[in-house]
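Subject: A structure for you to explore

Hi there,

Here is the structure I promised to pass on to you. Have a look at it first, and then read my notes below.

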Amino acid sequence: IGIAVVGCAPEKTSLFNPDFEFPKESPIISEILPARGYLAGVNEITVNGQYFSGSSDSVKIYFNGVEGKVNTYGMNSLRVTSVADVIGDTVQVVVSTIGSEFFSNTFKYKLLSPTPDNDILDTGEKLYAPFYDADGNIIYYSSLDNTPRGFVKVDKTTKQKSMFFTLPSNQSFDKFVSAFVGPDGVLHGLRVNQTLTYKVNPATESRFGVGFRMPSGVQTSDLLYLNNFVWVAGTNRHIMRFDYNNPTTRVDYTLVDSVSYRKIYHRGDKFYLIGKTTTVLPGYEFIATVDIDGANEISNFQELYTISETQVETSGEIAGLFIDENDQIYVSLSNEPLKKLVNGSLETFYNGLVGKNITSVLWTDSTRVYTLTEPSGVPAGNSVEYAFKQLDMYNLKQYK
């Protein structure tokens, strides 16, 4: 047996060099801010430490092994965006840099979901006109596999679902846009562009009957219950007030000319209205307020925001709004994510966090809201996900 021994010439460098040293120190994470945790995938967090990088292409950050985005870099500090679907109380964060031997130390950080799962909708189910009853349960109009089935109640404690009112086969309404349960237990609902509203007592009746009739030439857009009156926003500049106990007693308000209303909301001593001009050129959509006094009379129409027809072609129509406990107004456009209204202008509020075309919002204890996004009304070529999500407003504002 012959053994060949091959040696390296003394003037040549071996592949193994015991004296080789990595050119950079391994990175060290010392803190992540905000220290209390943050919302996954929302804005930026700050990672402080040592031996990071002065160039964007030589540093990476990982959350439970999933790469995040480094937005601003430096040797001692990084501004990064975490991964939206990586959440938990102890998410493992590490930094790597080109030229260092090891990853950084593992830093455990709390990342919360800004849109927690709600587990309300079944597979193939769509939801319309959500509202709270007097006991805090959620009630909504349900369609399953594109077949309307009636109103569903979700128990506020157990989250168990039950049919509140099953739609009869001879009343196949595609959807309701708003609804409420009156103090007598009667369910009232409104379908858009009708000349009347609908009502049914789920305990004693099996089909919808007529609730409140509109005046001639006026169609329905939205309704709400307040102070034993039913307020209906409609076309042809009408806001109508019906006596709940006497549906034929109606007061019509036409505060301004050449407008049609699409949505009506209430907070404090004001109604908030979404509408559009009908004859004024160039046309525009608007958000406005009217005052409501102790005698349930309304007055003082004031526009808060307008959007021109040209802008609507790009941003979409005003789809919905809601007002938080500090009277901050949040606005959804049918082709853009949620925004907030500040001094007559719309500012982005966590761009991309929630879907476009938010048409309904439900507050829960002023900390979380359910947001309903619908694909209806979206310009051709623009896809909007149908969803009913929780939005963690408390943490969105606290952690911003």
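**Starting from one residue**

A good place to begin is Ile292, which you will find in strand β24, residues 284-292. Please keep in mind that this is a predicted model. Is Ile292 buried or exposed? With a relative accessible area of 10%, Ile292 falls below the 20% limit, so Ile292 counts as buried. Leaving aside residues up to four places away in sequence, Ile292 touches Leu226, Trp231, Asp269, Lys270, Phe271, Glu297 and Ile298. Gly268 is 24 residues from Ile292 in sequence, and their C-alpha atoms are 8.8 Å apart in space.

**The whole chain**

Now step back a little. The chain contains two helices and 32 strands. It has 400 residues, and 47% of them count as buried. Among contacts with a separation of 6 or more, 45% join residues that are 24 or more positions apart. The chain exposes about 20,000 Å², with 47% of that supplied by carbon and sulfur atoms.

**A sheet and a hairpin**

In what order do the strands of the four-stranded open sheet come? The order is β1-β3-β7-β6, and the pairing is antiparallel. β1 (28-33) and β6 (69-72) stand at the edges with a single partner strand each, so each has one side without a neighbour in the sheet. From one strand to the next, the twist averages 35°. Inside this sheet, β3 (residues 45-50) and β7 (residues 77-81) pair over four bridges. If you would like to find one of them, look for Thr46, whose bridge partner in β7 is Arg79.

Further along, β18 pairs with β19 (residues 229-234) in the antiparallel sense over six bridges. The two form a hairpin with two residues between them, and Asn227 in the turn has a positive phi of about 55°. Six of the seven residues of β18 are buried, leaving the strand mostly covered. Tyr225 has Val230 as its bridge partner in β19.

**Aromatic rings**

A pair of aromatic rings is described by the distance of the centres and the angle of the planes. How many aromatic pairs are there in this chain? The count comes to 21. One of them joins Phe151 and Phe176, a tilted pair with 5.4 Å from centre to centre and 55° between the planes. Phe151 is in strand β12 (residues 147-154) and Phe176 is in the loop between β13 (161-166) and β14 (178-181), so this pair ties together parts that are 25 residues apart in sequence. Both Phe151 and Phe176 are buried.

Tyr225, which you met in the hairpin, also pairs with Tyr244: this pair is edge-to-face, at 5.4 Å centre to centre and 80° between the planes. Tyr225 belongs to strand β18 (residues 220-226), while Tyr244 sits 19 residues away in the loop between β20 (239-243) and β21 (246-253). Tyr225 is partly exposed, with a relative accessible area of 30%, whereas Tyr244 counts as buried at 7%.

Two more things to look for: Tyr141, Phe151, Phe165, Phe173, Phe176, Tyr198 and Phe208 make up one aromatic cluster, and Arg241 lies over the face of Phe229, 4.6 Å from the ring centre.

Enjoy exploring, and write back with any questions!

Best wishes

How values were computed: Residues are numbered from 1 along each chain as its sequence is written. This is a predicted model: local features need pLDDT of at least 70, side-chain atom pairs count only at pLDDT 80 or more; totals for chains, interfaces and linings use all residues. Side-chain values use heavy atoms; hydrogens and water are left out. Buried means under 20% relative accessible area, exposed over 50%, partly exposed in between (1.4 Å probe, protein chains only). Contact means heavy atoms within 4.5 Å. Accessible areas come from the Shrake-Rupley method with a 1.4 Å probe; for residues, only the protein chains shown count as cover. Rings of Phe, Tyr and Trp (its six-membered ring) pair if their centres lie within 6.5 Å; planes under 30 degrees apart count as stacked, over 60 as edge-to-face and the rest as tilted. A charge sits over a ring if NZ of Lys or CZ of Arg is within 6 Å of the ring centre and within 35 degrees of the ring normal. Two strands pair if DSSP finds at least two bridges between them. Axes are lines fitted to C-alpha atoms, for helices over the stretch in contact, and angles run from 0 to 180 degrees between N-to-C directions.
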